[in-house]
Number of protein chains: 2
Amino acid sequence: MATLMTEMLKGTLDGIVLAILSARPAHGYEITAWLRGRGFTDIAEGTVYALLVRAEQRGLVEVAKVPSEKGPPRKVYSLNARGRDHLDEFWKTWSFLAERLQQLRKGGK
Amino acid sequence: MATLMTEMLKGTLDGIVLAILSARPAHGYEITAWLRGRGFTDIAEGTVYALLVRAEQRGLVEVAKVPSEKGPPRKVYSLNARGRDHLDEFWKTWSFLAERLQQLRKGGK
DNA sequence: GCCCACTATTCGGTGTTGCTAGGTACCAGT
DNA sequence: ACTGGTACCTAGCAACACCGAATAGTGGGC
């Protein structure tokens with residue numbers, strides 16, 4: 001059921017996008033396309049934009065408006081120092097969770 | 001500020017509890033204590049109970065009321081066939097997510 | 001007898017999150 | 001004109017975990 005993924009993405013999608021931005025600056029549409037290509041087929045378009053706005057409000061990313069040849073201007077996001085710190089924290093939390101779940105999976109059944 | 005872990009647990013705590021129940025029947029208080037012992041120190045007591053009620057409403061678990069020597073009667077939950085199916089789905093979804101994140105972590109930075 | 005700690009469950013209200021389902025804007029090809 | 005691809009935004013919704021408090025039973029210390 002797709003519902004499982006929806007709930008599981010809460011809290012992780014945030015980190016996923018930051019991780020993408022840590023590799024290279026990108027804009028919303030690009031990020032969405034990238035996610036779709038990686039198998040996250042059901043991630044809604046609006047979700048990514050809302051998430052980027054939140055990231056900006058928290059001061060995790062910098063924004064640059066870049067005119068596009070096709071369509072409206074792009075908003076290119078790039079990770080700043082605070083964002084990198086946040087990403088580190090994210091990976092720590094993720095590692096903790098992933099370890100416990102791996103143990104559970106082995107132990108159970 | 002919502003903690004990272006709180007948001008990340010959304011959707012996964014559900015599976016964690018089912019995984020615990022797949023090993024052996026248990027009641028709410030016991031599950032909470034188990035989680036605390038495993039490092040999930042900040043999981044609220046009420047959270048587990050609410051989660052168990054949801055699982056029951058979805059028909060994933062069976063409930064048995066067992067009198068306790070200490071305190072009020074326990075509600076002992078055990079996984080049924082539907083619950084095991086759901087757990088399988090959970091692990092599939094989790095695996096998918098964990099794989100993508102592992103790739104991202106390697107690739108990024 | 002009275003209070004406290006521990007066991008055990010329940011409930012209403014809150015904040016964060018991703019999804020739904022639209023809309024705006026710009027340009028190229030037909 | 002019209003369609004399709006690019007690119008962004010928004011309001012309202014449902015699900016989830018947290019918080020704080022209440023309820024209830026048992027046993028031990030004073």
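## Salt bridges

A salt bridge here is a side-chain nitrogen of Lys or Arg within 4 Å of a carboxyl oxygen of Asp or Glu. By that cut-off, A:Glu7 and A:Lys10 are joined in a salt bridge, with N and O 3.3 Å apart. The model is predicted. Over all chains, it holds four salt bridges.

Side chains of opposite charge can pair when their charged atoms come close. In chain A, A:Glu7 is partly exposed, at 28% relative accessible area. A:Lys10 is partly exposed too, at 36%.

Chain B has a salt bridge between B:Lys10 and B:Glu7, at 3.1 Å from N to O. B:Lys10 has a relative accessible area of 35% and is partly exposed. B:Glu7 is partly exposed at 24%.

## A pair on helix H5 of chain B

B:Glu89 and B:Lys92 form another of the salt bridges, with their closest N and O atoms 3.5 Å apart. Both residues sit in helix H5 of chain B, which covers residues 81-107. They are three residues apart, about one turn of the helix.

Accessibility splits this pair. B:Glu89 is partly exposed, with 32% relative accessibility. B:Lys92 is exposed, at 56%; the cut-off for exposed is over 50%.

## The surface near DNA strand D

There are 29 residues around DNA strand D. The nearest are A:Tyr29, A:Arg74, A:Lys75, B:Thr47 and B:Arg54. By type, the surface near the strand comprises nine nonpolar, nine polar and 11 charged residues.

Both chains contribute. From chain A, helix H3 (28-37), helix H4 (45-57) and strand E3 (74-79) each supply at least two residues of this surface. From chain B, helix H1 (4-9), helix H2 (12-23) and helix H4 (45-57) each do so.

## Contacts with DNA strand D

Which parts of DNA strand D have atoms within 4 Å of the protein? Sugar or phosphate accounts for 77% of those atoms, and bases for the rest.

Two side chains of chain A reach phosphate oxygens of DNA strand D. A polar side-chain atom of A:Arg74 is 2.3 Å from one. For A:His27, a side-chain N or O atom lies 3.3 Å from a phosphate oxygen. A:Arg74 is also among the residues that come nearest to the strand.

A:Lys10 makes a contact with a base. An N or O atom of the A:Lys10 side chain is 3.1 Å from a base nitrogen of DNA strand D. The side chain of A:Lys10 also meets that of A:Glu7 in the 3.3 Å salt bridge.

Technical notes
Residues numbered from 1 in each chain as written. Chains lettered and ligands numbered in written order. Predicted model: local features only at pLDDT ≥ 70, side-chain atom pairs only at ≥ 80, totals over all residues. Heavy atoms only, no water. Near = heavy atom within 4 Å. Polar contact = N/O pair within 3.5 Å; in protein donor to acceptor, adjacent residues only side chain to side chain. Helix = DSSP H or I, 4+ residues; strand = E, 2+ residues; numbered from the N terminus. Nonpolar A, V, L, I, M, F, W, Y, C, P; charged D, E, K, R; others polar. Buried < 20%, exposed > 50% of the residue type's maximum accessible area, 1.4 Å probe, protein only.
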